[in-house]
Amino acid sequence: MAKQAVLFDLDDTLLWDDRSVQEAFDATCLTAAAQTGVDAKALENAVRREARALYESYETFPFTKMIGINPFEGLWANFLEGEQEEFRQLQQLAPAYRREAWTRGLKALGVDNAELGAQLAEQFPAERRSRPYVYEETFAILDQLKGKYKLLLLTNGSPDLQREKLAGVPAIVPYFDHIIISGEFGQGKPAAAIFHHALERLGVQPEHGIMVGDKLTTDILGANTIGMTSVWINRHGMTRSDEIIPSHEIKHLEELLPLLL
């Protein structure tokens with residue numbers, strides 16, 4: 001059955017977020033290495049570990065998990081938007097969270113320097129913001145789909161942060177008929193409600209839509225739940241269990257085109 005609408009995830013489906021985050025860590029950790037002699041990669045691993053532990057210790061964690069905001073987004077997000085009270089809590093927590101994550105990461109490597117931790121906590125967001133990467137094939141595939149299918153961007157995250165990511169690649173926004181951010185809707189993927197909401201905005205039935213995303217546990221599970229065709233973009237050749245099975249698996253967005261017929 002020919003499809004009428006294509007729903008895309010944003011991070012690591014259209015935008016190369018992993019690269020942006022990795023390069024921000026690389027640059028920030030090299031600064032610390034130059035000042036203290038610590039191993040840059042060891043510091044990155046320590047900061048990631050400390051950030052995750054801190055993030056999970058906050059009472060906001062269940063909310064961030066439900067909305068789909070990961071610990072490393074918390075290292076540069078401001079959480080200025082969103083109606084839920086948890087966003088105001090996150091807004092207050094964020095500056096100390098960033099400082100603590102970096103300071104604790106340093107301390108784990110034997111460097112007790114809160115001042116440097118605070119400096120790195122400011123550098124990381126600036127490094128991340130300067131790297132709005134998009135996959136090479138993103139615009140090629142959107143050019144081929146625009147005008148032939150209804151297009152919707154369905155992304156988990158904090159409203160202001162996801163909009164900031166899009167602002168970094170402004171040419172991407174006009175391709176979409178609608179952009180839905182979980183932090184505005186109030187639930188994140190894989191909740192069936194946000195997928196139903198997306199299809200209602202497009203005016204199409206589940207069988208006429210197709211969801212493209214890189215995460216089995218959110219994009220694919222959610223689409224499968226409502227009976228919509230799911231396409232897992234697996235660029236890195238990851239192996240999956242049979243717990244969540246996509247309708248299709250591709251390695252490159254260009255492989256999507258034959259699946260729409």
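This text walks through a predicted model, starting with a β-α-β unit and ending at the largest pocket.

Begin with two strands, S2 at residues 150-155 and S3 at residues 178-181. The two strands run parallel to each other and are joined by 4 bridges. One facing pair to look for is Leu154, which has Ile180 of S3 opposite. Helix H7, residues 159-168, belongs with these strands: S2, H7 and S3 together form a β-α-β unit, and its hand is right.

After H7 the chain enters the loop that leads to S3, and Pro170 is found in this loop. Is Pro170 buried or exposed? Its relative accessible area is 56%, and the cut-off for exposed is over 50%, so Pro170 counts as exposed. For a sense of distance, take Pro170 together with His248: in sequence they are 78 residues apart, while their C-alpha atoms lie 29 Å apart in space.

Now turn to the largest pocket, which holds about 950 Å³ of space. Its lining is made up of 37 residues, and those closest to the pocket centre are Gly68, Asn70, Glu73, Lys215 and Thr218. Four helices each give two or more residues to this lining: H1 (17-36), H2 (40-57), H3 (61-67) and H10 (216-225). What classes of residue line the largest pocket? Charged residues number 15, nonpolar residues 13 and polar residues 9.

Methods: Residues are numbered from 1 along each chain as its sequence is written. This is a predicted model: local features need pLDDT of at least 70, side-chain atom pairs count only at pLDDT 80 or more; totals for chains, interfaces and linings use all residues. Side-chain values use heavy atoms; hydrogens and water are left out. On a 1 Å grid over the protein atoms alone, a cavity is a set of points where a 1.4 Å probe fits but cannot get out, and a pocket is an open set with protein on both sides within 12 Å along at least five of seven lines; lining residues have an atom within 4 Å of a point. Grid points are joined across faces, edges and corners, and a volume is the space filled by probe spheres set on the points. Ala, Val, Leu, Ile, Met, Phe, Trp, Tyr, Cys and Pro count as nonpolar, Asp, Glu, Lys and Arg as charged, and the others, Gly among them, as polar. Two strands pair if DSSP finds at least two bridges between them. A crossover is right-handed if, with the strands pointing away from the viewer, the path from the first strand over the helix to the second runs clockwise. Buried means under 20% relative accessible area, exposed over 50%, partly exposed in between (1.4 Å probe, protein chains only).
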